[in-house]
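Got a few minutes to look around a protein model? Open up the sequence and the 3D view, and let's take a tour.

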Amino acid sequence: MAISKIIIVGAGPSGLLLALLLARAGITVELLEMTHELDTNPRASHYTSDSCVIFDRAGILDQVRTEGFSPNGVSWRKLDADKTRLVALSNPDPAPGEENDPPFRHRMVCLPLHRLGKILEAAVLAQPTASIHYNYKVVELGQDEDRAWVRVETPNGTTETREAAYVVGCDGANSTVRRRLFGDWVFPGFTWDRQIVATNMYYDFSPYGYDDSQFFVHPEHWHMVAKIQTDGLHRVTYGEVGGLTLDELRARQPAKFQAVLPGNPTPDQYKLVNFSPYKVHQRCVDKMRVGRFLLAADAAHLCNPFGGLGLTGGIADVGSLYEALVGIHTAQADDSILDKYDEVRRRIWHDIINPVSSDNMRRLFEYPDADEAMEKDPFFRMLAAAQNVAAHKDDEENGEGEVLSPPPSLQYDMTQHYNHQGRRP
């Protein structure tokens, strides 16, 4: 039986993307967002090949590429006077006419998340089977064998009940849906004893030979600098000690920038646009499906931002959940496919996202200095070996040295669990 309607709670990028995909498949979607507009706080901005594949399926990749840019690569550096590059990975540009050829069609692209949100919002509103309701706050949940429902507070102060075949919680780290399903304090995992400050800022990095993205290895001043817009807007995210208040963090920011940025600038030499401290977590629910309620992205799992696995994993959740729900809608799968979604997505978090993201963050500060990190960290040693191979072709031809394998994909093809006897969307 075709799905009558799906309610998605949360109009962040994952909720909007899922709504767009489902609406394009002909499914009626109602998106409920508790705030009055999209979030504009500094957040992730780099989209990997995995994410670009799903953007392509949603019909927005070309617009994302037009508004964003493809970064030239990423490096890891030492915080010395020269900001010495230790190792690097490149993101090569295609030759003219090859932009849409594999693998260039889905190469990494950068666009601030709030601008992606605007693209998604417009695309969702253009779908005849989709609607977005701002200032709708979910306060209660319920379900029976045939339907799920949410009780919401509306903008005019009344409460009402909205029903659907399924309800998906895409409402972020403080998810109301998750809290109502499992309890306010049930979110297995841990919080790092270090916190992060994410900033957006303008500063002229051109004299200093910076790449589009770089991480700095230092036991105290570990940080990341990345260009996120072509007009020169940069994201600077740096580590801080835990337990500081917002006022204390703000007071420390000028000295922090002067210590870590090239040229040791004072506040009159840069423009600070956003300042957003936050705690860092590694957490995952024990279930991403409870009957007719489903969880995806940050509502289901969290990780630190270094390497972008939180954003990439959330978008991969959306791709898998879309395929599962479309399989049900088109009678190519029964709803047990949602149990497979739950199993697979949590396994990917535990096997890949959690350990890899933890290593990405830890290697920036756990060694006394960058030279020791290069000597002991397996990832740095692998990159250095690969660069050595590239620089010595004879060694490569003789089978000496190491080369990099592609990073593990966070995608999972749910259509392999279809019965392939139903109707295609």
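Here is a short briefing on the sheet, the spaces and a few odd spots in the backbone.

Keep in mind that this is a predicted model. A good place to start is an open sheet of 8 strands with mixed pairing. Beyond that sheet, a search of the whole structure turns up 2 cavities of 30 Å³ or more, and there are pockets to visit too, with the second largest having a volume of about 250 Å³.

**The sheet**

- Reading across the sheet, the strands come in the order β5-β4-β13-β14-β15-β12-β16-β19.
- Which strands sit at the edges? They are β5 and β19 (301–302), and each of them pairs on one side only.
- Helix α6 packs on this sheet, where it touches β12, β14 (223–227), β15 and β16. The direction of α6 makes about 115 degrees with that of β15.

**Zooming in on β15**

- Is β15 mostly covered or mostly open? It's mostly covered, with 8 of its 9 residues buried. "Buried" here means under 20% relative accessible area.
- On one side, β15 (residues 233–241) runs antiparallel to β12 (residues 189–202), and 9 bridges join the two.
- You can find some of the partners by eye: Ile-196 stands opposite Gly-239 in β15, and Thr-199 has Val-236 of β15 as its bridge partner.
- β15 also pairs with β14, again in the antiparallel sense, over 5 bridges. Look for Ala-226, which stands opposite Arg-235 in β15.
- β14 and β15 form a hairpin with 5 residues between them. In that turn, Gly-232 has a positive phi of about 100 degrees.
- A handy thing to remember while you look at strands: in a regular strand, the side chains alternate between the two faces of the sheet.

**Spaces in the model**

- The largest cavity holds about 50 Å³ of space.
- Its lining is made up of Ala-11, Gly-12, Pro-13, Leu-16, Leu-38, Asp-39, Arg-43, Leu-113, His-114 and Gly-117. By class, that lining has 5 nonpolar, 3 polar and 2 charged residues.
- Two helices, α1 (13–24) and α4 (113–125), each supply at least two residues of this lining. Which of the elements gives the most? That's α4, with 3 residues.
- The second largest pocket is lined by 13 residues. Met-1, Ala-2, Ile-3, Ala-165 and Arg-292 are the ones that lie nearest its centre.
- Sorted by class, the lining of that pocket has 8 nonpolar, 1 polar and 4 charged residues.

**Odd spots in the backbone**

- What kind of peptide bond joins Pro-102 and Pro-103? It's a cis peptide bond, with omega at about 0 degrees. You'll find Pro-103 in the loop between β5 (85–90) and β6 (109–110).
- Lys-83 isn't a glycine, yet it has a positive phi of about 50 degrees. This lysine, Lys-83, lies in the loop between β4 (73–78) and β5.
- Is Lys-83 buried or exposed? Its relative accessible area is 9%, so Lys-83 counts as buried, given that the limit is under 20%.
- Asn-264 is another residue other than glycine with a positive phi, this time near 45 degrees. Its place is in the loop between α6 (246–260) and β16 (271–284).
- Asn-264 has a relative accessibility of 42%, so it counts as partly exposed.

**A link between distant parts of the chain**

- Ala-384 is found in helix α10 (residues 378–391). At 28% relative accessibility, Ala-384 is partly exposed.
- How far apart are the C-alpha atoms of Ala-384 and Leu-86? They are separated by 8.2 Å, even though the two residues are 298 residues apart along the chain.
- Leaving out residues up to four places away in sequence, Ala-384 touches Val-87 and Met-374.

Definitions and conventions. Residues are numbered from 1 along each chain as its sequence is written. This is a predicted model: local features need pLDDT of at least 70, side-chain atom pairs count only at pLDDT 80 or more; totals for chains, interfaces and linings use all residues. Side-chain values use heavy atoms; hydrogens and water are left out. On a 1 Å grid over the protein atoms alone, a cavity is a set of points where a 1.4 Å probe fits but cannot get out, and a pocket is an open set with protein on both sides within 12 Å along at least five of seven lines; lining residues have an atom within 4 Å of a point. Grid points are joined across faces, edges and corners, and a volume is the space filled by probe spheres set on the points. Ala, Val, Leu, Ile, Met, Phe, Trp, Tyr, Cys and Pro count as nonpolar, Asp, Glu, Lys and Arg as charged, and the others, Gly among them, as polar. Helices (H or I, at least four residues) and strands (E, at least two) are DSSP runs, numbered from the N terminus. Buried means under 20% relative accessible area, exposed over 50%, partly exposed in between (1.4 Å probe, protein chains only). Two strands pair if DSSP finds at least two bridges between them. Contact means heavy atoms within 4.5 Å. Axes are lines fitted to C-alpha atoms, for helices over the stretch in contact, and angles run from 0 to 180 degrees between N-to-C directions.
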